[in-house]
Amino acid sequence: MESMRRCEPSGTDSQRIAVTRVNIAGMESAPRYRQMTAADLDAVIAIENAIYPYPWTRGNFRDSLAAGYQCWMVECGGGAVGYTVAMVAAGEAFLLNLSVARTWQRRGLGRELLDFVLKLARNHGAERILLEVRPSNRAAIALYSSAGFTEIAVRRGYYPAGSGREDAIVLQLDLDEK
Ligand SMILES: CC(C)(COP(=O)(O)OP(=O)(O)OC[C@H]1O[C@@H](n2cnc3c(N)ncnc32)[C@H](O)[C@@H]1OP(=O)(O)O)[C@@H](O)C(=O)NCCC(=O)NCCS
């Protein structure tokens, strides 16, 4: 059963973001959201390498932090269970990374983390949010579709893949509609 609770992110972002929470199975306390720092990168890279066939590098995360992108950790019991990276500028947000550690997947955390990002983007003035996803990533596409994202373009041969290249589907959600 869904309930609204307050999530109070720490760090420089003082805005409160109400996350629509479900009970996350196996989680003894509510997930905690805080801004990512360079000290998190070992934990982030360990998750990243475990869940993506073509993971981001440490340099990708360092660059995102240096650029001032929205980089957030989700923790439970002091340990990292997920993270997200988004860029918000000129009324648009780009969701660059949304990840849940494998052992924590399929418990509602990805949906909660996406809800967090959408509210964060809105709070920073974004009117729409875009992302790119591999057509083979059925889990992510199902998550984004259920949140209302729709396909607006396909970038041919955008990603590296075992058999050569894979397209990227560009998905968009208007943030003032929800
Ligand atoms: C995509 C991802 C973030 C989803 O996180 P999650 O915590 O497992 O997702 P949730 O438990 O909140 O599930 C939300 C919805 O996503 C979809 N979904 C999640 N995992 C799925 C799977 N293995 N197969 C099909 N649909 C799936 C379902 O629609 C699900 O809703 P439902 O439980 O009502 O069926 C997670 O699988 C992940 O980190 N994957 C690897 C990284 C990645 O691909 N990130 C996205 C890059 S664009």
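**Exercises on an open mixed sheet**

In the hairpin formed by β5 and β6, with 2 residues between the strands, Ala90 adopts a positive phi near 50 degrees. Strands (E, at least two residues) and helices (H or I, at least four) are DSSP runs numbered from the N terminus. This is a predicted model in which local features need pLDDT of at least 70 and side-chain atom pairs count only at pLDDT 80 or more, whereas totals for chains, interfaces and linings use all residues. Residues are numbered from 1 along each chain as its sequence is written.

**Exercise 1.** Trace the pairing from β3 to β6.

*Solution.* Two strands pair if DSSP finds at least two bridges between them.
- Step 1: β3 and β4 (residues 70–76) run antiparallel, joined by 4 bridges; Arg34 faces Met73 of β4.
- Step 2: β4 and β5 are antiparallel, with 7 bridges, and Met73 is opposite Tyr83 in β5. These strands form a hairpin with 2 residues between them, where Gly77 in the turn has a positive phi of about 60 degrees.
- Step 3: 8 bridges join β5 to β6 in the antiparallel sense; Ala89 has Glu92 in β6 as its bridge partner.

**Exercise 2.** Identify the edge strands of the sheet.

*Solution.*
- Step 1: The open sheet has 7 strands in the order β3-β4-β5-β6-β7-β9-β8, with mixed pairing.
- Step 2: β3 (32–35) and β8 (150–161) are the edges; each has a single partner strand, so one side of each lacks a neighbour in the sheet.

**Exercise 3.** Place helix α1 against the sheet.

*Solution.* Helix α1 (residues 41–51) lies across β5 (79–89) and β6 (92–100), at about 90 degrees to β5. Contact requires C-beta atoms, placed from the backbone, within 7 Å. Axes are lines fitted to C-alpha atoms, for helices over the stretch in contact, and angles between N-to-C directions run from 0 to 180 degrees.

How values were computed. Two residues are in contact if their C-beta atoms, placed from the backbone, lie within 7 Å.
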